[in-house]
Amino acid sequence: MSVNLLKETGPREVFCGLTSIVWLHRRMPDAFFLVVGSRTCAHLIQSAAGVMIFAEPRFGTAILSERDLAGLADAQDELDRVARELLERRPEIRTLFLVGSCPSEVIKLDLERAAERLNDELKGRVQVVNYSGSGIETTFTQGEDGALAALIPLLPHTDQRGLLLVGTLADAVEDRLIHLFGRIGIDSVSSLPPRQSTELPAVGPGTTVLLTQPYLTTTARLLRDRGARVLTAPFPLGAEGSRSWMEAAAKDFQINPDQVASVLDPLVSRARNALTPHREILEGKRIFLLPESQLELPLARFLQRECGMELIEVGTPYLNREQMAEELALLPDGTSVMEGQHVEKQLDRVRASQPDLVVCGMGLANPLEAEGIATKWSIELVFSPIHGIDQAGELAELFSRPLKRRELIRQALNPPCNVPNNSDPVHA
Amino acid sequence: MQLTLWTYEGPPHVGAMRIAASMKGVHYVLHAPQGDTYADLLFTMIERRDQRPPVTYTTFQARDLGGDTAELVKRHVREAVERFQPDALLVGESCTAELIQDQPGALAAGMGLNLPIVNLELPAYSKKENWGAAETLYQLVRSLLKEQAPAELLHDPKAWQKEGRRPRVNLLGPSLLGFRCRDDVLEVQRLLSIHGIDVGVIAPLGATVADVHRLPQADLNVCLYPEIAESTCAWLERSFGIPFTSTVPIGIGATHDFLVEVHNLLGMTPPSPQEGIRRSRLPWYSESVDSTYLTGKRVFIFGDGTHALAAARICREELGFEVVGLGTYSREMARPVRAAAKAMGIEALISDDYLAVEAAMAAAAPELVLGTQMERHSAKRLGVPCAVISTPMHVQDVPARNSPQMGWEGANVIFDSWVHPLMMGLEEHLIGMFRHDFEFVDGHQSHLGHSGGAGAETEPAASTIQGDLIWTADGEAELKKIPFFVRGKVRRNTETFAKSTGRTQIDSETLYDAKAHFSA
């Protein structure tokens, strides 16, 4: 027996890869992400980025106009002009990502050629790379995979033994993980993406890679091509997953398991304590995860095994069975894992199953809340510091809070009513 | 290709979504890739709607492009019609689908479906959101009503008199993601009902397809938001002879003018010009002694065309402000905004580059900014108070309370929300008196007794260089005595004055000279 793998196609309700710029640009303050696309792309990123931008942001869109499409203007020349204008305004930028979009892919605008040409022109003052975040090829977090994959050819070579953490982490979480690896006995730990885009980590046959995020398929393949060993392990969400993840690295560095246990076991038992109040709320509750962030499988594993939740359906935009093997193995037999989406049919299943909590995108959350179903935004999970043993309590809290809140206000806001009430609500 | 860091308006298909989502029984099939589904959150998050917008996205992927995307469109049209059973179907495409030229509208029309299908062609690479909304409303109304259009235009807006009924008007233009439309509609209905005028259809907000069919039964169309409804109103006038209003009732003067226009068009006796004084508190509040301190406040205005124009008039005529900047991102409204600015002796800023707007704001050295949420951020950086008067919509622009902009109550709301960010009269007076007390220097100090205030002042001022000008230590020290919230303005004014009088150095005397110069 194993999980029940299902597939569905139809209308989808997910972000495209451009959305990952929202956290990538914060991680690398000396990088700029220039989307080559349409007004829709610009509007998408500013809407997903919390609606408004407070200062001049480190991302923008070169909006294609009719002149570019009709061939009246040479799109490559135009792109050079826009890139020059941008770099003149932002002299502190060291890495420029040219990001492909749906329209630029459809008109086959060659961003690789543009990046090469700009690199020649800028002579190392700014490094220019390109990748696609288009919605016809990528889903949400896959954009980060593209951005990191674009950096791999630039990584310096090393023959030194070292651990490389791949995937954006909150700075504080990264510091903590590096500290813990040090206590275990792994002293050489670097990260991709780095905090400064120019401080790229080195890679080579002595490099062991741990993926911090489950959506980095292409990046992992390119790192293997550079001679690195990419470990497969559960992802570092929850105490159990994070422990196994760190253990995988320790094993690869041939560290005595007793040493690992002496460092991690106290942390795990502390995390169990931190989980207790949340487990009290979550235990036995039924959860439905809609596909979006690609974190759904590891989250489901954590919520089921460490918080006692019951999994109704675990959606995922796409499934890389090899990379997810360890996660799939930890899910209960018969769990419905749905790859792809037909959003209408999926919402029918949500309504029919009346879950206690649904993990979904921002477009769907309030309509489900209005139907009486508690929700959690999936995008919050890619912004929050949730990785590692020490964060297990915080991660659980993200799921217990909506349920706790409902309990707090339910009685006062939904008093029992014996008289028929036929008027439409004021917010409808 | 244009470098865009932030945009005031979305693409035109978002405008079409606003129309579809505003109405009941209208569904929109949008040929678009998966990323475009982000637009749902504009409605469910920003406007806190309790239902998804009625939109089916075809979400085609790269692998579909080699195959039959036309079949994909038809499948989604069929499924959407079956599942949602709409009374009318809008079919269109977003920017990417426009490039692959499947012509989804024509495909849907050829499917033999038994419902009205409106083919939307919204050029994504040249047009924007408000245009898309206006075009969608126009195409929808036109395709539902064109069969009904009479051969001869016999419409008489005074027919209600002969027919022995109350006059009846439609309210056109209010939509989701429009600034305070929800509350304006209630307020305008109230305003009209006071004068014995009935409201027939409100569209698109809350309208059904049957309501659209009833549009020609009105005596008059009220065009509440020209950005959205003007093309529709003009078509209804051309095809049915129904006249429409051109005054937007925001502010005391404009509300009165609006009532006069409506009464004249309907053949009624216009109401008393005193009505606003009786029904709104703005006139008295503006006349009261505390408001003396509002006199000549320098205000910078930027927003959509309708709200920017209304704000300029209110500021100048009803609050006694000085308008030092006026602009809009609505290119469609550039002409009237330019004219209004010219009448005030300034040049209008027509731009959709928020950094250009911020630069203009800084140059105008305003004491109050009326703008969009973006200008609120820019004003915050400049240390200038700001009130929001226009879309793009932010979750804070959809308050729980009733908060119209139009009509008499709208004028009350405007008085409160524009004046409160300013220092109130007596308060400003007291701060002027006590400005040398350390509590008023460098930010309001807490009663909890943090250091700062006097502590922050112990560091002696040093001379500084600003471009070609040198501020002496004595000049900087004098400047520090001025309350922090006007210090930037005084610094700029003094520098302008110093340059205009050919000085290269600014000391305390220069400050006093400049002060005398500017108060003269």
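Domain bounds, as used here, come from an automatic or database domain assignment. In this predicted model, that assignment divides chain A into domain 1 (17-137), domain 2 (162-262) and domain 3 (272-411). A good place to begin is the pair formed by domains 2 and 3 of chain A, whose C-alpha centres lie 25 Å apart. Their contact draws 22 residues from domain 2 and 26 residues from domain 3. On the domain 2 side, helix H8 (171-184) and helix H10 (238-252) of chain A each contribute at least two residues, and H10(A) provides the largest share, with 6 residues. By character, this side of domain 2 comprises 13 nonpolar, 6 polar and 3 charged residues.

Turning to the two chains, the contact between them involves 55 residues from chain A and 50 residues from chain B. Several elements of chain A supply at least two residues each, among them strand S3 (59-63), helix H4 (75-89) and helix H15 (362-370). Helix H2(A) gives the most, with 8 residues. The chain A side divides into 32 nonpolar, 13 polar and 10 charged residues. Strand pairing also links the chains: S3(A) runs antiparallel to strand S1 (residues 2-4) of chain B over 3 bridges, and A:Thr61 has B:Thr4 as its bridge partner in S1(B).

Finally, the interior deserves a look. The largest nonpolar core holds 256 residues, of which A:Leu34, A:Phe97 and B:Ile301 touch the most other members. Leaving aside residues up to four places away in sequence, B:Ile301 touches B:Ala308, B:Ala311, B:Ala312, B:Cys315, B:Val323, B:Gly325, B:Leu326 and B:Leu370. In soluble globular proteins, nonpolar side chains tend to be buried together.

Notes:
Residues numbered from 1 in each chain as written. Chains lettered and ligands numbered in written order. Predicted model: local features only at pLDDT ≥ 70, side-chain atom pairs only at ≥ 80, totals over all residues. Core = buried A, V, L, I, M, F, W, Y, C linked by C-beta atoms within 7 Å. Buried ≥ 20, exposed ≤ 12 C-beta atoms within 10 Å, placed from the backbone. Contact = placed C-beta atoms within 7 Å. Helix = DSSP H or I, 4+ residues; strand = E, 2+ residues; numbered from the N terminus. Nonpolar A, V, L, I, M, F, W, Y, C, P; charged D, E, K, R; others polar. Pairing = 2+ DSSP bridges.
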